[in-house]
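Student: Before I rely on any part of this fold, I would like to go through it with you step by step. Could we take it as a series of questions?

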Amino acid sequence: MLGKMDCFGLTDIGRKREKNDDQFLIADLAKSVRVHSTSLNHDDQTRLYGESQGKLLLVADGMGGHLAGDRASTVAVDELLNYLLNSMRWFFRLADDPDDDFLEELKAALVHCEQRLWDEMQQFPQRRGMGTTMTMAYVVWPRLYVVHAGDSRCYLLRYPHFKQITHDHTVAQKLVDAGEIHADDVEASQWSHVVWNVLGGNVEEIHPSVYRAELRLGDVLLLCSDGLTKHVSDETACEMLAESTSAERACHDLVAAANDAGGSDNVTVVVASFRDISDTPAELQAAAIAETTSVTKVEKPTSGRRDRTTTAAK
Ligand SMILES: [Mn+2]
């Protein structure tokens, strides 16, 4: 790739909440070797890094009130990192050999985080009910994998198309899918922020969704918590991303827009823009005439598990 990935993340408490329960993470996965001592000309304790194996982006929106909302999202992100560190073989293999097992591994990562949350709730009963959304994107150029539970979102801008890759796991979205309410009425619905699939919460079994897509130079990814989407329309977010000169600028503009519109919740955004550094403005223009993005939702029934739906108020 003769391009550059420009990434930035920003979280903000908003205008109404007393604390911030959201988390975000941007990480490079790389092979590393820690040298303890050697006759070579390295300083002792040097860590040598290999090439980046991929970029990990994630947003988590914790819930559970004053005692545990931020704890839930913190545990989930920490545990996700632990899991990835211990399952790196999948990530290293991926570059040469894309494998359906990898998608299963991504789901397993969320199940692992969920288990840790339940362990902690058993140990500390006052934290019972804590939970978190998790929307994670893993980019091994040009492949994009998204694994998701809850109502945080991942969008892909391939100008002029702005597509929501993830599907909200809210009761309101289920009603839209069933044709019982119109998509325009979701925000006003009492079910709009009742999520049926999160890590922890009162949801005893997690059902992560996985999506796969191919990226192109010129694409921009946005991951965000519902603190953004409650206040900023897709049209506005698309415009801001398309007009921003950098991922950092876009993050600040999006958060400011959510706060200007009321800031009723914590707001978190992660933006990754894939730019071709050799692009001339004319070429950028040509890249804008892109086809509609094709996103594959990967559906594989989780075997042997009982399907149950419970709700967690958020
Ligand atoms: Mn939120």
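Tutor: What follows is a set of questions and answers on a predicted model, from overall confidence to single strands and helices.

Student: What is the mean pLDDT of the chain, and where does pLDDT stay under 50 with 23 contacts beyond four places in sequence?

Tutor: Over the chain as a whole, 81% of the residues reach 70 or more, and the mean pLDDT is 84. Confidence falls over residues 287–292, where the pLDDT is below 50 and the model has eight contacts beyond near neighbours in sequence. The stretch with 23 such contacts beyond four places in sequence, again with pLDDT under 50, is residues 301–314.

Student: How many helices and strands does the chain have, and what share of its residues is buried?

Tutor: The program's assignment gives eight helices and 15 strands. Among contacts with a separation of 6 or more, 73% are between residues 24 or more positions apart. Of the 314 residues in the chain, the buried share is 40%.

Student: In the open sheet of five strands, what is the strand order, and which are the edge strands?

Tutor: The order runs β1-β13-β12-β7-β8, and the pairing is antiparallel. From one strand to the next the twist averages 15 degrees. Strands that pair on one side only are the edges, and these are β1 (3–12) and β8 (161–164).

Student: Which residue in β12 stands opposite cysteine 154, and which is the bridge partner of leucine 156?

Tutor: Strand β7, residues 153–158, pairs with β12, residues 220–224, in the antiparallel sense over five bridges. Within that pairing, cysteine 154 stands opposite leucine 223, while the partner of leucine 156 is leucine 221.

Student: On the β8 side, which residue stands opposite tyrosine 155, and which is the bridge partner of arginine 158?

Tutor: Here β7 and β8 pair in the antiparallel sense over four bridges, and a hairpin of two residues joins them. Tyrosine 155 stands opposite glutamine 164, and the bridge partner of arginine 158 is histidine 161.

Student: Why is β7 said to be largely enclosed by the rest of the structure, and how many of its residues are buried?

Tutor: A residue counts as buried if 20 or more other C-beta atoms lie within 10 Å of its own. By that criterion β7 is largely enclosed by the rest of the structure, because the buried residues among its six number five.

Student: How far apart are the end C-alpha atoms of helix α3?

Tutor: Helix α3 covers residues 100–123, which is 24 residues, and at 1.5 Å a residue these should span 34 Å. Its buried residues include Phe102, Leu106, Cys113 and Leu117. The expected span agrees with the distance between the end C-alpha atoms, which is 35 Å.

Student: Which elements are included in what covers the buried residues of α7?

Tutor: Helix α7, residues 247–260, reaches 20 Å from its first C-alpha to its last, close to the 20 Å expected for its 14 residues. Its buried residues are Ala247, Ala250, Cys251, Asp253, Leu254, Val255 and Ala258, and just after the helix glycine 262 takes a positive phi of about 130 degrees. What covers those buried residues includes β1, α5 (226–229), α6 (234–243) and β13 (267–276).

Note on methods. Residues are numbered from 1 along each chain as its sequence is written. This is a predicted model: local features need pLDDT of at least 70, side-chain atom pairs count only at pLDDT 80 or more; totals for chains, interfaces and linings use all residues. pLDDT is the predictor's confidence in each residue, from 0 to 100. Two residues are in contact if their C-beta atoms, placed from the backbone, lie within 7 Å. Two strands pair if DSSP finds at least two bridges between them. Axes are lines fitted to C-alpha atoms, for helices over the stretch in contact, and angles run from 0 to 180 degrees between N-to-C directions. The expected span of a helix is 1.5 Å times one less than its number of residues. A residue is buried if 20 or more other C-beta atoms lie within 10 Å of its own, exposed if 12 or fewer, and partly exposed in between; C-beta atoms are placed from the backbone.
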